[in-house]
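Work through these exercises with the sequence and the model side by side. Try each task before you read its solution.

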Amino acid sequence: MKKKTVMRIAAMCAASVLGMSALGGCGDSGQGEAKTSSKNTGADSGSGQKSDGDYVYRVGFVNIDNADNCCYPAMQKFVEYVESDDFAKSVGADSVEVLTADSAKDIEKQTTNVETLLSKGVDMMFIIGVDTAGNTTAVQACNEENVPVFMVGTEASGGEWKFIGFEEKQLGEMQGEWCAENLPENANICYLEGTAGREATTLRKEGFEEGISSRDDLNIISSQTGDFETATAMQVTEDWIQTYGDEIDCIVSADGKMMVGAVEALKGANMLDAVTTVGVVSVEDDGYLIKGGEQDYAVFVSWPSIGTLCGEIAEKVYKGETVEDRTNIEMQHMTQDNYEELIATL
């Protein structure tokens with residue numbers, strides 16, 4: 001039996017009983033085509049063997065959108081981890097390569113990407129999914145090929161898979177609990193939701209509402225979608241300023257990109273000092289507002305760390321170790337006081 005086949009069987013055994021479980025949104029503009037990363041590109045796709053006789057193990061990683069400043073760094077960290085010499089040595093391979101694909105937020109493209117990578121002979125698949133219901137087709141394609149599949153930061157409503165990421169609802173709860181502890185009496189809150197229908201949007205808002213439930217005097221005077229986009233959130237905030245003016249005490253954003261737009265709108269209206277701003281920091285690009293004192297609080301969710309965690313899970317699968325149904329990174333409270341400490345971990 002070839003060494004490649006042995007490792008495929010080990011991977012299948014380690015992840016054969018996959019649990020049913022659950023981002024803002026997620027940069028290479030690869031037009032959604034599956035591709036091999038820059039290292040080890042001489043491999044004969046699907047054969048598991050290079051021309052010089054060395055066995056190459058392959059892992060698939062399908063991204064939701066390479067233009068996203070959270071998900072793309074996660075994928076980069078994953079590639080860096082898995083394609084390292086230390087990883088290959090740890091799993092007993094001559095070399096390991098990651099085949100990546102950009103779905104550009106298109107669920108049909110995502111499904112095609114997964115099918116393409118499966119045809120190239122990957123040992124396991126990692127997917128940052130476009131849509132909870134739509135993700136099921138890609139998951140089931142992996143199930144049919146007996147390829148272990150991991151949903152990263154997103155869930156699928158069907159098929160067998162395991163989850164890697166963080167708890168979306170807990171993120172919202174942390175924002176809400178901070179507001180409950182820090183906002184003044186009878187504070188009025190405007191809440192920036194993510195894209196309508198997205199799993200992350202629903203769970204983060206539910207968590208936030210539960211987080212502030214200990215304070216009957218806190219009022220959500222408006223809740224509108226900023227679509228996980230800076231420009232949209234800026235327009236929504238400008239509309240709020242026109243409608244509510246100085247009645248706004250706090251703006252809460254379900255992700256970092258929307259908070260950038262909200263802060264710009266508040267600055268333009270000379271209201272930034274009067275309004276408490278609560279958001280999310282996942283990468284350094286999101287964090288400069290906290291660093292500069294223009295944002296009061298954020299939940300720190302390190303997406304690069306999620307990429308590294310995916311690499312650690314891949315290593316466990318190859319080595320036949322047990323993988324839990326859900327594996328999460330730890331989220332942390334971020335203010336200007338601990339910004340430097342936390343951002344240094346990215």
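Buried means under 20% relative accessible area, exposed over 50%, and partly exposed in between, with a 1.4 Å probe and protein chains only. Helices (H or I, at least four residues) and strands (E, at least two) are DSSP runs, numbered from the N terminus. The model is predicted: local features need pLDDT of at least 70, side-chain atom pairs count only at pLDDT 80 or more, and totals for chains, interfaces and linings use all residues. Residues are numbered from 1 along each chain as its sequence is written, and side-chain values use heavy atoms, with hydrogens and water left out.

**Exercise 1. Describe the chain as a whole.**

Step 1: take the secondary structure. The chain has 12 helices and 13 strands.

Step 2: take the burial. Of the 346 residues, 55% are buried.

Step 3: take the surface. The accessible surface is about 13900 Å², and carbon and sulfur atoms hold 43% of that. Such areas come from the Shrake-Rupley method with a 1.4 Å probe; for residues, only the protein chains shown count as cover.

**Exercise 2. Find how strand 2 is covered and which strands pair with it.**

Step 1: count. Strand 2 spans residues 56-63, and 8 of its 8 residues are buried.

Step 2: split the faces. Val56, Arg58, Gly60 and Val62 lie on one side, with Tyr57, Val59, Phe61 and Asn63 on the other. Both faces are covered.

Step 3: look for partners. Two strands pair if DSSP finds at least two bridges between them. Strand 2 runs parallel to strand 3 (residues 95-102), joined by 8 bridges. Strand 2 also pairs with strand 4 in the parallel sense, over 3 bridges.

Step 4: pick one residue. Val62 has Ala101 as its bridge partner in strand 3. In strand 4, Val62 stands opposite Ile127.

**Exercise 3. Do the same for strand 6.**

Step 1: split the faces. In strand 6 (residues 162-165), Lys162 and Ile164 point one way, and Phe163 and Gly165 point the other way. All are buried.

Step 2: look for partners. Strand 5 and strand 6 run parallel, joined by 3 bridges. Strand 6 also pairs with strand 12 (residues 326-328), again in the parallel sense, over 3 bridges.

Step 3: name the contacts. Ile164 has Val152 opposite it. Gly165 has Asn328 as its bridge partner in strand 12.

Step 4: check the ring of Phe163. The charged end of Arg326 sits over that ring, 4.1 Å from its centre. The rule asks for NZ of Lys or CZ of Arg within 6 Å of the ring centre and within 35 degrees of the ring normal.

**Exercise 4. Is helix 11 enclosed or open?**

Step 1: check the length. Helix 11 (residues 303-318) has 16 residues and reaches 23 Å from its first C-alpha to its last, close to the expected 22 Å. The expected span is 1.5 Å times one less than the number of residues.

Step 2: count the burial. In helix 11, 12 of the 16 residues are buried, so the helix is largely enclosed by the rest of the structure. Among them are Trp303, Leu309, Glu315 and Tyr318.

Step 3: look past the end. Gly320 follows helix 11, and its phi is positive, near 75°.

**Exercise 5. Classify the aromatic pairs.**

Step 1: state the rule. Rings of Phe, Tyr and Trp (its six-membered ring) pair if their centres lie within 6.5 Å; planes under 30 degrees apart count as stacked, over 60 as edge-to-face and the rest as tilted.

Step 2: count. This gives 10 aromatic pairs.

Step 3: test one pair. The ring centres of Phe126 and Phe150 are 5.0 Å apart and the planes are at 15°, so this pair is stacked. Phe126 is in strand 4 (residues 125-127) and Phe150 in strand 5 (residues 149-152), so the pair ties together parts 24 residues apart in sequence. Both Phe126 and Phe150 are buried.

Step 4: test another. Trp178 and Tyr297 are stacked too, at 4.8 Å centre to centre and 10° between the planes. Trp178 is in helix 6 (residues 168-182) and Tyr297 in strand 11 (residues 297-300), 119 residues apart. Both Trp178 and Tyr297 are buried.

**Exercise 6. How many disulfides are there?**

Step 1: apply the cut-off. A disulfide is a pair of cysteine sulfur atoms within 2.5 Å. The search finds 0.

Step 2: check Cys179. Its closest cysteine sulfur, in Cys250, is 4.2 Å away, too far for a bond.

Step 3: check Cys190. The nearest cysteine sulfur to Cys190 is that of Cys250, 8.7 Å away.
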